[in-house]
Amino acid sequence: MSQDHTADLTPVRTPRKAALAAWCGSALEYYDFAIYGTAAALVFPKIFFPEGNATAASIASFATFGVAYVARPIGSFFMGHIGDRLGRKRILIGTLLLMGISTFLVGCLPTYHQVGLLAPALLVTLRLLQGLSAAGEQAGANSMSFEHAPDDRRGFFTSFTLSGTQGGQILAPAVFLPLAAVLPEDALLSWGWRVPFWLSAAVVLIGFLIRRTLDETPEFHREAEQQDRQEKAAAPLGVLFRHHWAGVLRVFFAAFVAVVNTMFAVFALNLATSEDYGIEISKTTMLWLAIIANIVAVGTIPLWASLSDRIGRKPVFLTGLVGSAALVTLFLWSITEHNVPLVLVSGIALAGVVYSMPNAVWPATYAEYFPTSVRLSGMAVGTQFGFALAGFTPTIAGWLIDGDAANWYRVAAFVVAACGISAIAVLSGPSGTHRVPTPEVGRTRAEAAALRVPELAR
């Protein structure tokens with residue numbers, strides 16, 4: 001009788017609900033994260049740093065964008081431990097609230113002209129809190145949707161986490177677009193820039209209401225029951241680095257592909273619009289490019305993910321890396337040539353189509369490197385250390401271009417190299433993981449033998 005009652009309490013897979021929660025929560029979370037990147041490119045150099053050297057102010061502003069990526073690797077240990085020990089749901093709710101509060105407070109900050117160096121110091125503090133939140137967001141949402149998904153459609157359902165991040169990146173420029181187009185510059189710099197940050201209070205409330213109704217995953221529930229029977233389970237991070245360190249390293253290097261996104265979303269926006277480089281494509285044009293490219297990505301990401309459920313993760317991931325390396329070169333060149341039609345075409349093809357290929361499949365790809373017991377930790381630690389390079393891409397690119405748009409090729413070479421490293425990491429990974437049942441995926445031979453499940457060829 002008690003056994004039947006226990007079985008009745010075991011959660012069931014709800015893939016659509018999990019995918020919706022992942023999409024909505026990620027969209028709202030990355031709206032908060034993306035508006036900071038937009039403001040760092042367009043507004044912050046003028047209000048949070050001393051006047052007199054516009055290039056130095058831009059690099060400093062980009063550095064505040066990048067400091068969140070310093071916090072993210074540190075937060076990944078903490079968030080990963082909680083997610084693998086206490087559950088995916090707690091992480092998803094906690095990260096959403098932390099991001100919302102810190103983002104709202106950014107909109108309340110005084111400027112450099114009001115309080116001097118205290119202003120950028122407070123900005124950096126809140127940016128660090130955003131980074132701690134982001135450390136667990138995608139890994140938590142990916143683990144939740146992956147473990148709720150049918151075995152043969154894990155790519156499709158986990159891709160909603162990433163299409164949600166693109167949705168958030170649609171909302172960010174969509175909010176800034178009318179502000180930048182309608183408000184005079186003095187109004188934008190005095191109060192207009194604050195509005196998108198204050199709006200986070202509403203969007204976080206919606207995300208919280210969605211996520212609190214989602215059940216924990218059946219896979220985590222079974223894993224927790226097994227650990228209870230073993231009385232004291234090993235710490236997730238200890239197991240991760242003892243038995244799955246190769247997977248962590250693979251994710252770390254594969255995650256370098258995110259360099260493409262921050263180059264497109266932050267550095268290219270500054271390159272195209274700043275007076276420093278003499279190109280001066282309108283802010284409205286570049287913000288519309290971001291909106292359209294991300295709308296296209298929302299549609300293409302599930303398609304590429306579904307393809308990976310049929311043919312495997314590697315072919316889709318690698319094709320996207322090659323395409324991204326080629327198109328990022330064309331995109332940056334077209335900006336420096338002030339060829340607006342080519343900027344639009346190459347930018348949409350880059351961010352909306354080819355970058356969407358690795359973006360669509362990395363959630364399932366990385367999740368299949370790890371078993372349930374350390375899945376969230378493995379993805380959080382691997383991705384957040386890898387994403388650190390992406391976070392500082394605008395700063396590195398600003399240093400490489402050295403105030404002269406003619407040096408654009410240096411930035412292109414940097415991004416191409418990151419894509420190449422990512423490709424090597426993905427090629428080194430296991431093949432055919434899309435065909436392995438969820439309870440068995442990611443296990444070492446010893447773990448598989450102990451649990452009497454088929455061994456995974458690695």
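## Close-up views of salt bridges, the domain interface and single residues

**View A. Arg313 and Asp309 form a salt bridge between two buried residues.** In this predicted model, the side chains of Arg313 and Asp309 meet with an N to O distance of 2.9 Å. Arg313 counts as buried, and Asp309 counts as buried as well.

**View B. Asp84, Arg88, Glu147 and Arg375 belong to a network of salt bridges.** Within this group of linked residues, the bridge between Arg88 and Asp84 has its nitrogen and oxygen 2.8 Å apart. Arg88 and Asp84 are both buried. For context, a search of the whole structure gives eight salt bridges, and one pair, Arg154 in helix α8 with Glu368 in the loop between α19 (356-367) and α20, links distant parts of the chain, the two residues being 214 residues apart.

**View C. Arg154 and Glu368 are joined by a salt bridge.** The closest N and O atoms of Arg154 and Glu368 are 3.0 Å apart, and both Arg154 and Glu368 are buried.

**View D. Domain 1 and domain 2 meet along an interface that buries about 4,700 Å².** Domain 1 covers residues 15-216 and domain 2 covers residues 238-445, and the C-alpha centres of domain 1 and domain 2 are separated by 18 Å. The contact involves 54 residues of domain 1 and 57 residues of domain 2. The size of an interface is often expressed as the accessible area lost when the parts come together. Of the area buried between domain 1 and domain 2, carbon and sulfur atoms give 66%. Three residues, Phe62, Phe146 and Leu177, supply 13% of the area that domain 1 buries against domain 2, which is more than any other three residues supply.

**View E. The domain 1 side of the interface is shown together with the polar pairs that cross to domain 2.** Two salt bridges are found across the interface of domain 1 and domain 2, and the search for polar contacts finds 15 residue pairs, both residues of each being at pLDDT 80 or more. On the side of domain 1 that touches domain 2, the elements giving two or more residues are α2 (15-42), α4 (54-86), α7 (118-148) and α8 (154-182). Helix α4 provides the largest share of that side, with 20 residues. By residue class, the side of domain 1 that touches domain 2 divides into 26 nonpolar, 20 polar and eight charged residues.

**View F. Gln384 is a buried residue of helix α20, which spans residues 375-391.** Gln384 has a relative accessible area of 1%, and it therefore falls in the buried class. The side chain of Gln384 makes a polar contact of 2.5 Å with the side chain of Arg72, while a second polar contact, of 3.3 Å, joins the side chains of Gln384 and Thr383. When neighbours within four places in sequence are left aside, Gln384 is in contact with Tyr69, Arg72, Pro73, Ser76, Ala134, Ala135 and Met379.

**View G. Gln138 in helix α7 is buried.** The relative accessibility of Gln138 is 5%, so Gln138 counts as buried, the cut-off for that class being under 20%. Residues up to four places away in sequence not being counted, Gln138 touches Tyr30, Thr161, Leu162, Thr165, Trp362 and Phe387.

**View H. Val70 in helix α4 is partly exposed.** Val70 has a relative accessibility of 42%, and it is classed as partly exposed because this value lies between the 20% and 50% limits. The C-alpha atoms of Val70 and Ile396 are separated by 15 Å, and the two residues are 326 residues apart along the chain.

**View I. His338 and Asp402 are two loop residues with positive phi.** His338 has a phi of about 55 degrees although it is not a glycine, and it is found in the loop between α17 (313-336) and α18 (340-354). With a relative accessible area of 40%, His338 is partly exposed. Asp402, likewise not a glycine, has a positive phi of about 55 degrees and is found in the loop between α21 (393-401) and α22 (408-427). The relative accessibility of Asp402 is 58%, so Asp402 counts as exposed, a class that begins over 50%.

Conventions: Residues numbered from 1 in each chain as written. Predicted model: local features only at pLDDT ≥ 70, side-chain atom pairs only at ≥ 80, totals over all residues. Heavy atoms only, no water. Domains from an automatic or database assignment. Contact = heavy atoms within 4.5 Å. Buried area = accessible area lost by both parts, 1.4 Å probe. Salt bridge = Lys/Arg side-chain N within 4 Å of Asp/Glu carboxyl O. Polar contact = N/O pair within 3.5 Å; in protein donor to acceptor, adjacent residues only side chain to side chain. Helix = DSSP H or I, 4+ residues; strand = E, 2+ residues; numbered from the N terminus. Nonpolar A, V, L, I, M, F, W, Y, C, P; charged D, E, K, R; others polar. Buried < 20%, exposed > 50% of the residue type's maximum accessible area, 1.4 Å probe, protein only.
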